Amino acid sequence: MLRFWRATINSWNGLGFAIRSEQAVREEVVALLLSVPAAWLIGATVMRRVELVAAVVLVLVVELLNTAIEKLADRLTMDHDPQIGRVKDMGSAAVGVALVMAGLFWLFALAERMGVI
């Protein structure tokens, strides 16, 4: 039980640091908070609502991992390194893919709610 408690504290500390230090994380936390009532309005079923919120959570998860990669890379060196630049670009691409996926989920749910599909 102590291990679980410590892991929880570490997770909250990491999330708090990411929120304080990264604008993108703050924006995605706001998007997550807004997605709950929006999913209730747009989702046609309970499962669709859960899927919509989960898609936004996935974007936040990928952003947190990207932030961790960037912080670690910056800790290694602040000099321009092409390989580190490519690693950072791949993390950014992962966030972009997650955003596109979440956007498509929301568009599909909206079309479903409007009776288009």
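## Around Arg49

In this predicted model, Arg49 touches Ala39, Trp40, Gly43 and Arg113, leaving out residues up to four places away in sequence. Arg49 itself sits in helix α3, which covers residues 46-76.

What about its charge? Arg49 is buried yet makes no salt bridge, and Glu112, the nearest side chain of opposite charge, is 9.5 Å away. There is a polar partner on the backbone, though: a polar atom of the Arg49 side chain lies 3.4 Å from the backbone oxygen of Trp40.

## Val56, also on α3

Helix α3 holds Val56 too. Val56 counts as buried because its relative accessibility is 11%, and the cut-off for buried is under 20%.

Not counting residues up to four places away in sequence, Val56 touches Glu28, Ala31, Leu32, Ser35 and Trp106. Look at Leu99 as well: Val56 and Leu99 are 43 residues apart in sequence, but their C-alpha atoms are 8.1 Å apart in space.

## The nonpolar cores

Val56 belongs to the largest nonpolar core, a set of 11 residues. Its other members are Ala18, Val25, Leu32, Ala39, Ile42, Leu52, Val53, Leu60, Trp106 and Ala109. Helices α2 (23-42), α3 and α4 (82-114) each supply at least two residues of this core. There's also a second, separate core of six residues, with Ala55, Val62, Val95 and Ala102 among them.

As for Ala18, a member of the largest core, its contacts are Val25 and Leu64 once neighbours within four places in sequence are set aside. In soluble globular proteins, nonpolar side chains tend to be buried together.

Conventions. Residues are numbered from 1 along each chain as its sequence is written. This is a predicted model: local features need pLDDT of at least 70, side-chain atom pairs count only at pLDDT 80 or more; totals for chains, interfaces and linings use all residues. Side-chain values use heavy atoms; hydrogens and water are left out. Helices (H or I, at least four residues) and strands (E, at least two) are DSSP runs, numbered from the N terminus. Buried means under 20% relative accessible area, exposed over 50%, partly exposed in between (1.4 Å probe, protein chains only). Lys and Arg count as positive and Asp and Glu as negative; His and the chain ends are not counted. A salt bridge is a side-chain nitrogen of Lys or Arg within 4 Å of a carboxyl oxygen of Asp or Glu. A polar contact is a pair of N or O atoms within 3.5 Å; within protein, one must be able to donate a hydrogen and the other to accept it, and residues adjacent in sequence count only if both atoms are side-chain atoms. Contact means heavy atoms within 4.5 Å. A nonpolar core is a set of buried Ala, Val, Leu, Ile, Met, Phe, Trp, Tyr and Cys residues joined through side-chain atoms within 4.5 Å.
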